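Got your viewer open? Let's take a walk through this structure together, one selection at a time.

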Amino acid sequence: MKADAKAKLTVSAIQRFCMRDGPGVRTTVFLKGCPLRCKWCHNPETQNASPELLYYAKKCLNCQACLACEQGAHSFSEGRHHIDKSKCVSCFKCAGICPSSALQISGKVMTVEEICSEAEKDLAFYGESGGITLSGGEPLFQPAAVDLLLRCREKGLNTVLDTCGYFPPELLAPAVAATDLFLWDIKDTDDERHKKFTGVSNKTILENLRKADELGAIIKLRFILVNGVNSDERHYEKCAGLCRSIRSGVKPEVIPYHAFGGVKSEFLLKRGGGRSEWIPTEEQLAQFREYLGI
Amino acid sequence: MYNVYSPHIGGLADTVNFLYAVKKLVFDDKLVSFIELIGILASNWEGHETLRVLARNKYAYYGNDSDEVDELCARLLNDFADGCDALNNRSGYIFPGGVSTFGRQLQWSKRRLACAHGRKAGEVLAANASPTPGSDHIGATAVIRSYCKCDLKRVPTGAALDIKLLPSLVKGEEGLDALVSLMRGFVTLGGFFMQPDVVDVSVLREAQREPESHQNLSVRVSGWNARFVTLNKEWQDMIIDQNESGR
């Protein structure tokens, strides 16, 4: 299969010099769109597939340049800036005008080739292990992500796919063929809770995981630990079972919930979703890790 | 026998960024005329806060791996080196150039005027060949790439690049890998003088409050190490500022 270098992807952000998204120095591409709606999402600006407006209140100068908006989405009263998102038609003229970058866009349409060139800028720093990581959102929410993986492969870049595991099964084989390492996030082994907290069943995710393993994918499982949601031993036990079932045997990882996603919700003009009671304790983390043998 | 006299320049990033801001504000985006801009700068941006914030925020300055501005930097450094070469063999001297501030950016700040890249009079200039404080937003690899676009062979007596790194980044085995990768990339791209600095700003603040318990805390000032507690308040504040704006 050959990559379509002109295929387009909506990108939320590209971060260089990342050290936690796979081996070595990496450039991480955050793609827009996700089929899940995890209540603890730490990248809520990537959930919607289409570009959207972000507002950083602390940067706002109250200069009122954004009143140029033809839809009347921006208004000022008593020295405060109000944004009526229902009036926004996503033209993003305001973000272009805003002098302080208080208004920004999450979501830029780029071709596979453009993204690749961005990742190639840090070639000198990748060494033998580094490369590109696709994250999001769910990268495979946009099928052209497979073209991006393939194109990076063609250029000799190491490829990592950070996935929630929920994607159409037909994308699995081409994705496995173009990916050096999967970072496979597991939210919950209990399907009822999974539905309640992420909006979807975990069946597709676990089925895709099994098939990916059969196809010979190298998989690192990453377990999200949320205090009071999935912090029980029955879940830990099932996670340990999942680890044993994966043939590639890469050391799994536990990712503790953090409240940063709540801060980001504010930028999206949504109610803050950060919940400090969800942050797991050191004891819970240690216990989970013990079950996983790490 | 030969004699060496090495001219060094400072404020490199600020000069480059100033020129680039004029190009963008006046010529490309036509937000203000050249004469108006000079008047605004003469009055230290008084009454033009919106334009100042725009100039400071909207453009990618030196240190963000943007060719448009980095080419200006490479050109300026070449012109300076040409000037140095032209002096060679005068009275038996050679004049190899370099870039350095070695802390003098603090002394200079008192006489420093407002700049087109959104800086007010009195703000501290860039250290050595590093970006203007707070103007690099992409990270260490982008800073290194910007710097290495210059022909550094032409400044043989040194052009130090200070890189601020967060302690979390260099923690553990992965952190060691990160540092090695940075240095390897730096050398591959033609760099030869880098000073990585790993400081947790909260520790520096603590040392300022309780010097007695931080007698051995050593910081890289610029070309040399100093015990933090032996520096005066001004110096300490400058180092804290630089580390806060670094990544």
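## A tour in selections

Start by selecting Gln64(A), which is partly exposed, with a relative accessible area of 36%. You'll find Gln64(A) in the loop between strand 3 (52-55) and strand 4 (74-77) of chain A. Keep in mind as you look around that this is a predicted model. What is phi of Gln64(A) near? Phi is near 70°, a positive value in a residue other than glycine. Why stop for that? Most residues other than glycine have a negative phi.

**Zoom out to chain A**

Now select the whole of chain A. Colour it by secondary structure and you can count 10 helices and 12 strands. Its C-alpha trace spans about 60 × 45 × 35 Å along the principal axes. A compact globule with 294 residues would have a radius of gyration near 19 Å, and chain A agrees with that, at 20 Å.

Next, think about inside and outside. Of the 294 residues in chain A, 52% are buried. Turn on the surface: chain A exposes about 13,300 Å², and carbon and sulfur atoms supply 52% of that. If you colour by charge, you'll be looking at 39 positive and 36 negative side chains in chain A, with the centres of the two sets 3 Å apart.

How do parts of the chain meet? Take the contacts in chain A between residues at least 6 apart in sequence: 69% of them join residues at least 24 apart.

**A cis bond in chain A**

Jump to Gly136(A) and Gly137(A). Is the peptide bond from Gly136(A) to Gly137(A) cis or trans? This one is cis, with omega near 25°. Most peptide bonds are trans, which is a good reason to pause here. Gly137(A) sits in the loop between strand 8 (131-136) and helix 4 (145-154) of chain A.

**A histidine inside**

Now pick His194(A), in helix 6 (residues 191-198) of chain A. Is His194(A) buried or exposed? His194(A) has a relative accessible area of 1%, and the cut-off for buried is under 20%, so His194(A) counts as buried. Show what surrounds it: leaving aside neighbours within four places in sequence, His194(A) is in contact with Lys187(A), Asp188(A), Gly199(A), Val200(A), Ser201(A), Asn202(A) and Ile205(A).

**Where the two chains touch**

Select Asp122(A), in the loop between helix 2 (112-120) and helix 3 (123-126) of chain A. Asp122(A) is buried, at 0% relative accessible area. Which residues is Asp122(A) in contact with, leaving aside its neighbours within four places in sequence? From chain A there are Arg16(A), Phe17(A) and Thr27(A), and from chain B there are Thr141(B) and Arg145(B).

Cross over to Ala142(B), which lies in helix 6 of chain B. Ala142(B) is buried too, with 0% relative accessibility. Not counting residues up to four places away in sequence, Ala142(B) touches Arg16(A) across in the other chain, along with Gly63(B), Asn64(B) and Asp65(B). Did you spot Arg16(A) again? Which contacts does Arg16(A) share in this tour? Arg16(A) is in contact with Asp122(A) and with Ala142(B).

Try the distance tool here: the C-alpha atoms of Ala142(B) and Leu25(B) are separated by 24 Å, and the two residues are 117 apart along the chain.

**Zoom out to chain B**

Select all of chain B, with its nine helices and eight strands. The radius of gyration of chain B is 19 Å, close to the 18 Å that the globule rule gives for 247 residues, so chain B is as compact as a globular protein of that length. Its C-alpha trace spans about 55 × 55 × 35 Å along the principal axes. Buried residues make up 48% of chain B. The accessible surface comes to about 12,000 Å², with 54% belonging to carbon and sulfur atoms.

**Two last stops in chain B**

Find Asn128(B), in the loop between helix 5 (104-109) and helix 6 (140-148) of chain B. Phi of Asn128(B) is near 45°, a positive value in a residue other than glycine. Asn128(B) is buried, with a relative accessible area of 0%.

Finish at helix 8 (residues 201-209) of chain B, where Val201(B), Leu204(B) and Ala207(B) are buried. They cover an arc of only 115° around the axis, which puts them on the same side of helix 8. An α-helix has 3.6 residues a turn, so residues three or four places apart point the same way.

Notes:
Residues numbered from 1 in each chain as written. Chains lettered and ligands numbered in written order. Predicted model: local features only at pLDDT ≥ 70, side-chain atom pairs only at ≥ 80, totals over all residues. Heavy atoms only, no water. Helix = DSSP H or I, 4+ residues; strand = E, 2+ residues; numbered from the N terminus. Rg over C-alpha atoms; globule rule 2.2 N^0.38 Å. Buried < 20%, exposed > 50% of the residue type's maximum accessible area, 1.4 Å probe, protein only. Areas by Shrake-Rupley, 256 points an atom, 1.4 Å probe, with all protein chains shown as cover. Arc of directions from axis to C-beta. Contact = heavy atoms within 4.5 Å. Lys, Arg positive; Asp, Glu negative; His and termini not counted. Charge placed at Lys NZ, Arg CZ, Asp CG, Glu CD.
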